[in-house]
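The exercises below are meant to be worked through with the sequence and the 3D structure side by side. Try each task before reading its solution.

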Amino acid sequence: MRFLASYASRGRWQAVAVTTVTALLTPLLFPLSLLSGGVVSLITLKVGALQGLQLMGLSVLAILLVGLVLPAPMQGLPLALTVLMLIWLPVWGLSLSLRRTADQGRSAVLAALFGGMVVMAFHIASDDPVQWWQQFALDYFSQVSEQLPPDERIQFEENITQTAAIMTGISAMGLSLSLLLSLMLGRWWQAMLVNPGGFGEEFRVLRIGRMPTLAIVLVVSMASFVGAEGLSRDLLMVAIVPLLVQGMAVVHCLVHRNSANRGWLVAMYLLLVFAGPVAIVLALAGAVDNWFDFRASTDPKGGGEGDS
C-alpha cells in the first residue's frame, strides 16, 4: 500500500495511471474501485481541489482511449461516466470537506446524504423499485433458473422476490460505505506519507454530533409517517452508515486507550461481515455516544478527546 501511495504521489501521470488501471479493472473486481477512489482522495487531500479535478478529467480521457481497443466490460463511455459520477466526484467532494475541516464525522454524514439522494432518485425514477430489482435479477439469473427443477425454481424465485425488497437500500448503503472507504484510504495514505499515525488519531475521535443524529431519526420517521414503507426502509439502511462508523470509532478508541489486544478489532470486523445484527448494535452505540461520550468517560487520563 505504501508503494502504491508513493507511486501515485510522484506526479500527475503516475496518479492517472493508477486511477485508470484500477477503474478499468473494477467491472472484473469491484474492490479495485476503492483504490481508484482512494487515489483521487489522496491527490485532492495532499495537493488540492484543482489537481483532483485534473486527475479525474485525464483519467476519463484515458479510459475512453483504452476503450477504443479493449472489449467490454473494460471500455468506453459507460464505464467512464459510472466511475466519475458514482465514485470519483463524490469522493472528491468528501475529500474537499475533510481537507477543510479534518472532521471524518462530517464526511460520514455527507456520504450518507449522497446515498440518500441516490435512494430518492431511484424511487422517483422507478414506479416500483422492488419490481425493477426483481425483474433485473430474474433476467440476470435466467439461465440458472431454467436449469433448476420446478420446486427449486419456485423457491429460487421467491428468494429473489424477498431480496428485491431491500436491494435499493443495500445498494445505496454499499455505495455510501464504499465512498467512505475510498476517502479513508486516501487519508490513510496521506498520513502514511506525511503524518504517520495521524489517521488513527483522527478516526478515533470521529463524532457525528447530536443534531445530525436527530436529523437522521427525523427523516426516517417522516418517511415512515407518510406511509412510504419502502422508502423509509431504504433511507434507514443508508442512515445507519454514519452511526455505524461512529460506533466503530468508539471501539477503536477503547481498544487503543486500554492497550487491549487488537484481536478485539479483528473480531468486530468479522462479526460485521458474518453477523449482520452487529451493525445495528454498533450504530446504536454510535448514536448514544453523542450524548454519553463513552470515549471521554473511559479515558484513563481523564482528558477527554483531546488526549487521543
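**Exercise 1.** Does Asp-289 count as buried or exposed, and at what relative accessibility?

*Solution.* The model is a predicted one, in which local features need pLDDT of at least 70 and side-chain atom pairs count only at pLDDT 80 or more, while totals for chains, interfaces and linings use all residues. Residues are numbered from 1 along each chain as its sequence is written, and side-chain values use heavy atoms, with hydrogens and water left out. The terms come next: buried means under 20% relative accessible area, exposed over 50%, and partly exposed in between, with a 1.4 Å probe and protein chains only. Asp-289 has 0% relative accessibility, so this residue counts as buried.

**Exercise 2.** Find which side chains meet Asp-289 in salt bridges, and place the residues in the chain.

*Solution.* Side chains of opposite charge can pair when their charged atoms come close. The rule used here asks for a side-chain nitrogen of Lys or Arg within 4 Å of a carboxyl oxygen of Asp or Glu. One partner of Asp-289 is Arg-207, at 3.0 Å from N to O. This pair links distant parts of the chain, 82 residues apart, since Asp-289 lies in helix α15 (residues 277–292) and Arg-207 in the loop between α11 and α12 (210–225); helices are DSSP runs of H or I with at least four residues, numbered from the N terminus. Arg-207 has a relative accessible area of 23% and is therefore partly exposed. Another partner is Arg-295, at 2.5 Å from N to O, and both Arg-295 and Asp-289 are buried. Taken further, Arg-207, Asp-289, Asp-293 and Arg-295 are linked in a network of salt bridges.

**Exercise 3.** Work out what span helix α3 should have, and check it against the distance between its end C-alpha atoms.

*Solution.* The expected span is 1.5 Å times one less than the number of residues. Helix α3 has 15 residues (32–46), so the expected value is 21 Å, and the end C-alpha atoms are 21 Å apart, which agrees. As for its surroundings, 13 of the 15 residues of α3 are buried, so the helix is largely enclosed by the rest of the structure. Just after α3, Gly-48 takes a positive phi of about 145°.

**Exercise 4.** Which elements give two or more residues to the lining of the largest pocket, and which gives the most?

*Solution.* Rolling a probe the size of a water molecule over the atoms shows where empty space is left. On a 1 Å grid over the protein atoms alone, a pocket is an open set of points with protein on both sides within 12 Å along at least five of seven lines, and a lining residue has an atom within 4 Å of a point. Grid points are joined across faces, edges and corners, and the volume is the space filled by probe spheres set on the points. The largest pocket has a volume of about 850 Å³ and is lined by 28 residues, of which Leu-181, Met-184, Met-248, His-252 and Tyr-269 lie nearest its centre. The elements that give two or more residues to this lining are α3, α10, α11 (198–204), α13 (229–257) and α14 (263–274). Helix α10 gives the most, with eight residues.

Conventions
On a 1 Å grid over the protein atoms alone, a cavity is a set of points where a 1.4 Å probe fits but cannot get out, and a pocket is an open set with protein on both sides within 12 Å along at least five of seven lines; lining residues have an atom within 4 Å of a point.
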